[in-house]
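Colleague: I would like a close look at a single part of this predicted model, namely the loop that you would pick out as worth reading residue by residue. Please take me through it carefully and then set it beside the rest of the chain.

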Amino acid sequence: ASFINANAFWKSQIVQIFFKKNNEIELIPRVGNHTILIGSINGFEEKFKKLQLFYQQGVPQVGWNKYKEINLKFKDQIVCVKK
């Protein structure tokens, strides 16, 4: 939460943070109708860099509402689930 609050973009974009029973983190963004799965807290800064890159390069091509889930749990990849 401190990381999100310290960054103007993430502070305006992320509206809810859920901590799941399995110690994984799920985020709800302000824009778009999807959830963001961060997984564990390990490497969270790199995961946010991947997400920002996806927002900058992927979203302009497909739109905000193409996916119901953006999964950042895996190293060096983003897995998206279509609606």
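Modeller: The part I would choose is the loop between strand 1 (14-19) and strand 2 (25-29), in which Asn 23 is found. Since this is a predicted model, it helps to begin with confidence: the protein averages a pLDDT of 91, and 100% of the residues score at least 70. Strand 2, which follows the loop, has the highest confidence at 95, whereas helix 4 (residues 59-62) has the lowest, at a mean of 86.

Within the loop, Asn 23 has a phi near 65°, a positive value in a residue other than glycine. The side of the chain on which this residue sits is open to solvent in the sense of the accessibility count, because Asn 23 reaches 63% relative accessibility and exposed begins over 50%. A counterpart is found in the loop between strand 4 (67-71) and strand 5 (79-82), where Asp 76 lies; the phi of Asp 76 is also near 65° and again positive in a residue other than glycine, and at 66% relative accessibility Asp 76 counts as exposed.

These two loops are also joined by a side-chain contact. Glu 24 forms a salt bridge with Lys 73, with the closest N and O atoms 3.4 Å apart. Glu 24 lies in the loop between strand 1 and strand 2 and Lys 73 in the loop between strand 4 and strand 5, so this pair ties together parts that are 49 residues apart in sequence. Both partners fall in the intermediate class, as Glu 24 counts as partly exposed at 24% relative accessibility and Lys 73 counts as partly exposed at 33%.

A search of the whole structure finds two salt bridges, and the other one is formed by Glu 26 with Lys 20, the closest N and O atoms being 3.3 Å apart. Here the partners differ in their surroundings: Glu 26 counts as buried at 14% relative accessibility, because buried means under 20%, while Lys 20 is partly exposed, with a relative accessible area of 39%.

For the rest of the chain, the aromatic residues give a useful comparison. The structure holds nine aromatic pairs. In one of them, the ring centres of Phe 9 and Trp 10 are 4.7 Å apart and the planes stand at 70°, so the pair is edge-to-face. Phe 9 is partly exposed, with a relative accessible area of 34%, whereas Trp 10 counts as buried at 1% relative accessibility. Trp 10 also pairs with Tyr 55 in a tilted arrangement, at 6.1 Å centre to centre and 40° between the planes. That pair links distant parts of the chain, with Trp 10 in helix 2 (residues 8-13) and Tyr 55 in helix 3 (residues 44-57), 45 residues apart, and both of these residues are buried. One aromatic cluster includes Phe 9, Trp 10 and Tyr 55, and among its other members are Phe 54, Trp 64 and Tyr 67.

Phe 54, Trp 64 and Tyr 67 reappear in the lining of the largest cavity, together with His 34, Val 59, Gly 63, Asn 65, Lys 66 and Ile 70. About 30 Å³ of space lies in this cavity, and by class its lining has five nonpolar, three polar and one charged residues.

Conventions. Residues numbered from 1 in each chain as written. Predicted model: local features only at pLDDT ≥ 70, side-chain atom pairs only at ≥ 80, totals over all residues. Heavy atoms only, no water. Helix = DSSP H or I, 4+ residues; strand = E, 2+ residues; numbered from the N terminus. Buried < 20%, exposed > 50% of the residue type's maximum accessible area, 1.4 Å probe, protein only. Salt bridge = Lys/Arg side-chain N within 4 Å of Asp/Glu carboxyl O. pLDDT = per-residue confidence, 0-100. 1 Å grid on protein atoms, 1.4 Å probe; cavity = no way out; pocket = protein on both sides within 12 Å on 5 of 7 lines; lining within 4 Å. Points joined across faces, edges and corners; volume = space filled by probe spheres on them. Nonpolar A, V, L, I, M, F, W, Y, C, P; charged D, E, K, R; others polar. Phe/Tyr/Trp six-rings, centres within 6.5 Å; stacked < 30°, edge-to-face > 60°.
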